[in-house]
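User: I should like a close look at a single part of this model, followed by a connected account of how that part sits within the rest of the chain. Please keep the description to what can be computed from the atoms.

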Amino acid sequence: MVRNRKKKIAIIYEGEKTEENIFKNISQHFFAERADIMIMTLPAAGNLYMLWTKLREDNFQTDVISVLCEMNANLSEGLKGMGAADFSEVYLFFDYDGHHNNIPKKFSGKDALEEMLETFNNETELGKLYVSYPMVEAIKEISADTRDYRTFYLPLAECGNYKEKAGGISDYGDFRYITKEMWYIACNASRKRAAIIATYREEDGYQKFIENVSQEKIYDAQKDVFINQNRAIGILSSVPLFLVEYYDEMFWEKIQNL
C-alpha cells in the first residue's frame, strides 16, 4: 500500500530574509505533518506587480509558477522539474507601499492592488494574495502581555521608515524563535485588528469572519477610511491572518479562548 504524500504549498514573496525566517518557523510549527512548504522569492529587481503584469499580458492563461521561474532562473533550477501541477496551493505575500513607488508607470492612476487582489483570490488557481500594512514586520507591534497590537495606525508619510521603527524591542523581534503559543497570540490579535479595520463584529464567529473580513474587504476599508480620509493605514500583519483562514473553526476557538 502506497502512503499518501504530503501536499506541496508554494509561498511567494518579494525576496527578503525576513519572510524566509517567518515561513520556515511557521512550517515547523503548523505544517510539518500536513504539507511541504516551498518558499519562493522574486528576483532582487522584481516585485509582485511585475509578476501580476506578466500574467495579465497573457490574459491570465499562464500559471504563476511558470511565470515566476521565467523571472528567477535560480528558482527554476531549484525546483528540479516541478511545475504548477505539483503544488496544491499557492500563496503570495505583499507589503503595502503607501506611496506605490513600485507600481509600473503604465498603471499610474489605477488601483493596481485592487486588481491584484481580484486576480489572486484563490489558492488552488492563480494563488491567494495576503497584504501586510505597511509590511510583514507589523507583527513586531504585537505584545505578548496585552495580546494586542501596540499601535493602531501609521501615517503614510512614515511608511518609508517603518522597518527601522519596528526594529525596536519586541516580543516578536527574532522571527526564527517565535513559539507556537506566540503565533496563537498573534493570530488572535490580528483577527481582532482586521475586524476593527473592516468594521466587522469579530465575535460573530469563524465562518462569518472568513466571509466578511477578506483581504479585498480589508483593503477596501484601508483605502476608504484610513488612506483617503486620513492619509494613514491601520497596522496589520497578514501572516497570522493566513493561519486563521487556513485552519478551521477549532483553531479559531483555540486562539479566541487563550
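How many of the residues of helix α10 (residues 238-246) are buried?

Analyst: The model is a predicted one. In helix α10, which spans residues 238-246, nine of its nine residues are buried, and the helix is accordingly described as mostly covered. The buried residues of α10 are Ser238, Val239, Pro240, Leu241, Phe242, Leu243, Val244, Glu245 and Tyr246. The list therefore includes Glu245 as well as Ser238, each of them under the 20% limit of relative accessible area that defines a buried residue.

One partner of this helix is α1. Two packed helices are described by the angle between their axes and the distance between the axes. For helix α1 (residues 17-31) and α10, the angle is about 25 degrees and the axes lie 12 Å apart. Because angles under 35 degrees count as roughly parallel, α1 is roughly parallel to α10. The crossing of α1 past α10 is right-handed. On the α1 side, the residues that meet α10 are Ile22, Phe23, Ile26, Phe30 and Phe31. On the α10 side, they are Val239, Phe242, Leu243 and Tyr246. By class, this contact consists of nine nonpolar residues, with no polar and no charged ones. Val239, Phe242, Leu243 and Tyr246 thus appear both in the contact with α1 and among the buried residues of α10.

A second helix pair may be set beside this one. The axes of helix α2 (residues 48-57) and helix α3 (residues 64-71) come within 10 Å and cross at roughly 120 degrees. That angle makes α2 oblique to α3. The crossing of α2 and α3 is right-handed. From α2, the contact involves Met50, Leu51, Lys54 and Leu55, while α3 contributes Val64, Val67, Leu68 and Met71. Sorted by class, the contact of α2 with α3 has seven nonpolar residues, no polar residues and one charged residue. The charged one is Lys54, because Lys counts as charged.

Leu55 gives a residue-level view of that pair. Leu55 lies in helix α2 and is buried, with a relative accessible area of 0%. Leaving out residues up to four places away in sequence, Leu55 touches Phe60, Thr62, Asp63, Val64, Val67, Phe120 and Leu126. Val64 and Val67 are also among the α3 residues that make the contact with α2. The C-alpha atoms of Leu55 and Ser66 are 10.0 Å apart, the two residues being eleven apart in sequence.

Another buried position is Tyr162, in helix α6 (residues 162-166). Tyr162 has 0% relative accessibility and so counts as buried. Neighbours within four places in sequence aside, Tyr162 is in contact with Pro134, Met135, Glu137, Ala138, Glu141, Leu154 and Ile235. By contrast with these contacts, the C-alpha atoms of Tyr162 and Gln207 are separated by 33 Å, with their positions 45 residues apart along the chain.

Pro134, one of the residues in contact with Tyr162, has a backbone feature of its own. A cis peptide bond joins Tyr133 and Pro134, with omega about -5 degrees. Pro134 is placed in the loop between β5 (127-132) and β6 (142-143).

Two further loop residues deserve note for their backbone angles. Thr199, in the loop between α7 (180-197) and α8 (206-212), has a phi near 50 degrees, a positive value in a residue other than glycine. Thr199 is exposed, with a relative accessible area of 68%. Arg231 likewise has a positive phi, of about 50 degrees, although it is not a glycine. Arg231 is found in the loop between α9 (215-230) and β9 (232-234).

These parts belong to a chain with eleven helices and nine strands. The radius of gyration of the chain is 18 Å, close to the 18 Å that the globule rule gives for 258 residues, so the chain is as compact as a globular protein of that length. Along the principal axes, the C-alpha atoms fill a box of roughly 55 × 45 × 35 Å. Buried residues account for 51% of the 258 residues, a figure against which the nine of nine in α10 may be read. Of the contacts between residues at least 6 apart in sequence, 78% join residues at least 24 apart.

Note on methods. Residues are numbered from 1 along each chain as its sequence is written. This is a predicted model: local features need pLDDT of at least 70, side-chain atom pairs count only at pLDDT 80 or more; totals for chains, interfaces and linings use all residues. Side-chain values use heavy atoms; hydrogens and water are left out. Axes are lines fitted to C-alpha atoms, for helices over the stretch in contact, and angles run from 0 to 180 degrees between N-to-C directions. Helices (H or I, at least four residues) and strands (E, at least two) are DSSP runs, numbered from the N terminus. Angles under 35 degrees count as roughly parallel, over 145 as roughly antiparallel, 65 to 115 as roughly perpendicular and the rest as oblique. A crossing is left-handed if the near helix is turned anticlockwise from the far one by less than a right angle, and right-handed if clockwise. Contact means heavy atoms within 4.5 Å. The radius of gyration is taken over C-alpha atoms; the globule rule is 2.2 Å times the number of residues to the power 0.38. Buried means under 20% relative accessible area, exposed over 50%, partly exposed in between (1.4 Å probe, protein chains only).
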